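Got your viewer open? Load the model, switch on a cartoon view, and follow the stops below.

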4 protein chains.
Amino acid sequence: MTKLKLGMIGGGPGAFIGPVHLMAARLDDRLALTAGAFSRDAGKNRQAGEGYGLAPDRVYPSWQALLSEEARRPDRIDVLSIVTPNDTHFPIAKAALEAGFHVLCDKPATLNLEEALRLRDVVRATGKHYALTYTYSGYPLVREARKLIAEGRLGQIRKIVVEYSQGWLSQDVHSKQADWRADPRQSGLGGCIADIGVHAFHLSEFVSGAQVESLSADLGIVVSGRTLDDDCNVLLRYNNGTRGVLVASQIAAGDRNGLRLRVYGEKGGLDWSQETPNTLTLNWHDAPTQILHAGTPYVSYGARVPAGHPEGYLEAFATLYSDFAHQVMTGEASLVPGIEDGVRGMAFIETAITSSRNKSWETLL
Amino acid sequence: MTKLKLGMIGGGPGAFIGPVHLMAARLDDRLALTAGAFSRDAGKNRQAGEGYGLAPDRVYPSWQALLSEEARRPDRIDVLSIVTPNDTHFPIAKAALEAGFHVLCDKPATLNLEEALRLRDVVRATGKHYALTYTYSGYPLVREARKLIAEGRLGQIRKIVVEYSQGWLSQDVHSKQADWRADPRQSGLGGCIADIGVHAFHLSEFVSGAQVESLSADLGIVVSGRTLDDDCNVLLRYNNGTRGVLVASQIAAGDRNGLRLRVYGEKGGLDWSQETPNTLTLNWHDAPTQILHAGTPYVSYGARVPAGHPEGYLEAFATLYSDFAHQVMTGEASLVPGIEDGVRGMAFIETAITSSRNKSWETLL
Amino acid sequence: MTKLKLGMIGGGPGAFIGPVHLMAARLDDRLALTAGAFSRDAGKNRQAGEGYGLAPDRVYPSWQALLSEEARRPDRIDVLSIVTPNDTHFPIAKAALEAGFHVLCDKPATLNLEEALRLRDVVRATGKHYALTYTYSGYPLVREARKLIAEGRLGQIRKIVVEYSQGWLSQDVHSKQADWRADPRQSGLGGCIADIGVHAFHLSEFVSGAQVESLSADLGIVVSGRTLDDDCNVLLRYNNGTRGVLVASQIAAGDRNGLRLRVYGEKGGLDWSQETPNTLTLNWHDAPTQILHAGTPYVSYGARVPAGHPEGYLEAFATLYSDFAHQVMTGEASLVPGIEDGVRGMAFIETAITSSRNKSWETLL
Amino acid sequence: MTKLKLGMIGGGPGAFIGPVHLMAARLDDRLALTAGAFSRDAGKNRQAGEGYGLAPDRVYPSWQALLSEEARRPDRIDVLSIVTPNDTHFPIAKAALEAGFHVLCDKPATLNLEEALRLRDVVRATGKHYALTYTYSGYPLVREARKLIAEGRLGQIRKIVVEYSQGWLSQDVHSKQADWRADPRQSGLGGCIADIGVHAFHLSEFVSGAQVESLSADLGIVVSGRTLDDDCNVLLRYNNGTRGVLVASQIAAGDRNGLRLRVYGEKGGLDWSQETPNTLTLNWHDAPTQILHAGTPYVSYGARVPAGHPEGYLEAFATLYSDFAHQVMTGEASLVPGIEDGVRGMAFIETAITSSRNKSWETLL
């Protein structure tokens, strides 16, 4: 099994999502970290490179340096992971794709919809592989849910309720993680809606196969002093007439990472919660509830360990890395989200902001 | 302990809520069924009266007969329970109050807001006690939740999520219960919003102490052939600036009676689900989650049996009956919902319908 | 629907189980309390009679007086409920049966096995109906579990794990309820094993259809000062070779009323917990877990209210009363436990005590 | 951060636990696989080595070759992982320690108690580090539970209930995994008791701080044709007088990997289940239940990702690897189980087998 060579932009000391990407890559060992530009601070950058065991000449002072130098090497990296704040996603991804690298980017795709549309053009023009880490689509039972719906097991879909409830911003906290998210220049026009609302949005479309057509949003700023929303409630209409509700909050004090999806069809509904990801509940109109367990033979998407040995967030993330590696190596399509998901996500964010400002229903795209 | 004498309108063979009222009354034995007009069908009426062990002369052919005859008796009933379809709530309640009886009515209070406002005048004018069986306010842990919030345990309230999810109308069913609810003449302008949405609305106000000021609703008809909504999603703004979401559905196939309330404050959130009513969860921003168990010494509102011996829906209902009996006997206020709750409920229903029709935010009252 | 007339011995002020019996009887209204001897204290006895709304001449100073007077009345009671401490169960039940009354007795049947065997003779000789309130056999999903096993749905039974875990005696408490249970003269030779262990024992036999043949018990006294066991662990062998474990404790600090039964067969296992009695879990070897919900059409044993409207302990108790009323009125057999269950329960208690004392495996009966 | 060099014996194609060890090692990246003897089949051995990306000269045909060759290299491995069937644990571990390598061995330590005692001598004599992968001690909330008890938070310990319930051997299955476990030459005298019972035993001692002194076991063979136990029920007495029960089964059809521990003290009890490892429940005698969530600031043992991002079995395993690496590098003690745990585990297995055969209480060690 040949491994791909991985480069990373971002992920220096104090970072949250960079180390997560690396643990994910290592778990299945399909991509090996080979180069990086981890921090704009030279000392922190070097420290990160050493910590990750990289050759010093492959720890670069900037993403520009990484791209230009790596492009020249015969043993150049194959895939570039982008784990920086949102405002740099677009320029880095664009440059990397144009330099011939495959790109795996943390969500959201870009700072705004216009960038996302331009990035889509770049992806199409370069023909390189592009993946967005909507992490939750890596859980086996999320994929199973998608499959069950696609097979018609629930009948026609009629209602979707998706919620993503966190409490970590319920206080006026300040930290590296909190601060860049609260800064519109770094994170864009959306706060909670862009940080986690978009995860919920993607999950609902990924699993249901339906697409949001219009919405009415009420985005609020609860903790005073903020300039970006920290609490979001959205009414949704999907393209097949399905009504939906999306509730996302970062001021839901006491909640942790409460992403939950319910999809109802004619015959029954499914229910999945990220905090207990190894079960999927199917409630039937006229029969006992069923609980599917990850790692069993009757679930199509496999687990690394047998049923009853829980897998979690890092394993879901690792699956995205492994699937993307497979996609890059074979050219085969995979379930890893791509640039279309990125475009839709940015459209969702911008439409929700407009709707909330106008107190009106607005159409997506 | 003297018992009150109870009369009932409705509750004949095939009824759902009438027998529930009677089991509730019997459980604590504070009111004894003494008279009734159970069905407009003479045979069914007699059959019900016999089944309930009533003296034949106190089984009346109509509610009008019951009121006029009972009013004349020296051993007249004290309290009249109204368990008929919504369209008759107003005339019966008005006549009963004016005849000097206390009234306990199933929700919603009336067919529309105008009737509710008129009924409020009647209640005020007659000085009789009037109660609405918003059942779920009878659960001890719902009351405890209300108390904890009133005491400021969660800090200022910031977000409310209330949902009431049923699946029994997900198919095109026809039954006595399904049919009158689907008939606007009998049930009013609201379908799901009036049948269960109003329960969720009341619960959110009862527990949080906040009042809905404006809303944006999306009410749908999912099962074709219906004329009234069977699926409701509503964005809410409460009077203290709190944002909220209300999701109510009767086409959530596979769901049973999924009433759940979450209220978030500055310090934490509370979470209560009707299907597991004997626990109340408190999630704290910076401390372990707490689970309160009904029947323990640390819960203010007592149970009939010790902790770990589950109580349910009938016990919650019985608490409303017992509290109302106490209220009638002593004149003391109780937690049983009254006409103000009835007025607010009708305002909610009408405003939601208007909002959904106009696709706009609308103000309540 | 004719009601039976009910008499009661015990259940005066401060009693726990007497009022439970009466709420149970009232809920379904098949038996009407008509006579009683509630307390040996004349004042308390009168107070109870008034509270229950009885005619003064049917409130008797002693159980002997009740039996002799009622036996003479043309409108005599039909059924006698015995809710006194264990030591009086036998003499009262024997006398009542011989006076021609049907008897419904709280568990355990008697003070010891010898009395139970003698009582069995009396039941057989008099031909009267006799019921023991092993409450938990009244839950619809317990009965459904029994039915599923009897139908072979799990295949041959292979393992049983039953536990009953309470914490209320984890401290050196003193109360009316705690004190009589700690007094061997009133409660017999068993403490926890007789108070709740026997419930667990009965539940395991009731549901599985298997009978315990031998056991090895380790009964302990954890809280110093007690003379009766407060913590019990028992290895079991059933008559079909099935191994089992019974864990019962009243010093499991923090636990409430944790009765849980798991039965494993060749194809899967079932799992039921009393604190969440409205679901029954079936785990299958090769298929998704199933959750059955009380009140649904696919459960054979009905509920009073639809699925999702929880019923609890009082409803289970009420079912025993209603079933016993039906049994008495029609002569038809019912699922209500009888004297055979009483005999087996006493044999279990005595064998467990012997086994624990001898540190040996012992055979039952 | 310097990495340790890791060698592995076992873990070839079709293996379960070898790949688990390697994912665990990679996740935190403290040990790098450098050498191995993965299979006695030369082709499979080479295939595994290539799959793991090893240099061909460090893929050895036998464990003996690995030890002798590596011992000579200047860049020799630091740590040897042993993931073979039980019968080879002792000779490999002994030889490796004597060749100067640190050893990390899958459980159980050896084939029998006598070997374990001899291995303890070797560990002491060589002064090398030795770890046993009792995986479940790697979960943060298991460690937190241990800490809470050590701090006296529950008061004096009074009762322990530990269960490990699997169903995968409920049928007469044959596979590489099933077959070696069923062969006494490869797995020793214990079946279920040695495969999973010993995990439950270790967990109960690890968390409670108490040690089993005597036991009465009932080990059964449920699926015909087996020679080793597949179902185990054990009464326990710990050294502080605490009573306990251990239930382990591999024929609990429908169960997955149901390891659960409850420990009760004077003030309350704790409850942890492996299938939902990110919460720890504390039930208190006189206060609300508490749920501790992994990844929160109030839990002493940290997580890789924030609260609400579930970690699982592989992460627990990885923690053992990381802790062992730290122990080897610094000489500091860690929570990773060692040879004393190995000796006690083997004593438990042998004593349980003797007790079951004799139907008697037996003393451990």
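How much space lies in the second largest cavity? About 70 Å³, where a cavity is a set of points on a 1 Å grid over the protein atoms alone at which a 1.4 Å probe fits but cannot get out. The volume is the space filled by probe spheres set on those points, with grid points joined across faces, edges and corners.

Before going further, some housekeeping: this is a predicted model, in which local features need pLDDT of at least 70 and side-chain atom pairs count only at pLDDT 80 or more, while totals for chains, interfaces and linings use all residues. Residues are numbered from 1 along each chain as its sequence is written, chains are lettered from A and ligands numbered from 1 in the order in which they are written, and side-chain values use heavy atoms, with hydrogens and water left out.

**Stop 1: the cavity in chain D**

The structure holds 16 cavities of 30 Å³ or more, but stay with the second largest. Select D:Asn86, D:Arg181, D:Ser187, D:Gly191 and D:Asp195: of the 13 lining residues (those with an atom within 4 Å of a point), these lie nearest the centre. Helix 7 (176–181) and helix 9 (192–208) of chain D are the elements that give two or more residues to this lining. Helix 9 of chain D gives the most, with 3 residues. Helices here are DSSP runs of H or I with at least four residues, strands are E runs of at least two, and both are numbered from the N terminus.

Colour the lining by class and you get 5 nonpolar, 5 polar and 3 charged residues. Ala, Val, Leu, Ile, Met, Phe, Trp, Tyr, Cys and Pro count as nonpolar, Asp, Glu, Lys and Arg as charged, and the others, Gly among them, as polar. Now colour chain D by domain: domain 1 (4–135) and domain 2 (139–307 + 338–363) both give residues to the lining, so the cavity lies between them.

**Stop 2: the domains of chain A**

Hop over to chain A, where the assignment (automatic or from a database) gives domain 1 (4–135) and domain 2 (139–307 + 338–363). Their centres, taken over C-alpha atoms, are 26 Å apart. Across the boundary, 27 residues of domain 1 of chain A are in contact with 25 residues of domain 2 of chain A, contact meaning heavy atoms within 4.5 Å.

For residues 5–132 of chain A, UniProt lists "domain: Gfo/Idh/MocA-like oxidoreductase N-terminal" in an unreviewed entry. UniProt positions follow the numbering used here, feature names are shortened, and annotations may be inferred rather than shown by experiment. That span is 44% helix and 18% strand.

**Stop 3: backbone oddities**

Most residues other than glycine have a negative phi, and most peptide bonds are trans. Zoom in on A:Asp29, which is not a glycine yet has a positive phi of about 65°. Look for A:Asp29 in the loop between helix 1 (17–28) and strand 2 (31–37) of chain A. Next, select D:Lys107 and D:Pro108, joined by a cis peptide bond with omega about -10°. D:Pro108 sits in the loop between strand 4 (102–105) and helix 5 (113–126) of chain D.

**Stop 4: the axis**

Finally, show chains C and D together. A turn of 180° with a shift of 0.0 Å along the axis lays chain D on chain C, with an RMSD of 0.0 Å (least squares on the C-alpha atoms of residues with pLDDT of at least 70 in both copies). That is the relation of a two-fold axis. The same surface serves both copies, as 100% of the contact residues of chain D recur in chain C. To find the axis, pick D:Ser360, whose C-alpha comes closest to it among the residues of chain D, at 3.3 Å.

Terms used. 1 Å grid on protein atoms, 1.4 Å probe; cavity = no way out; pocket = protein on both sides within 12 Å on 5 of 7 lines; lining within 4 Å.
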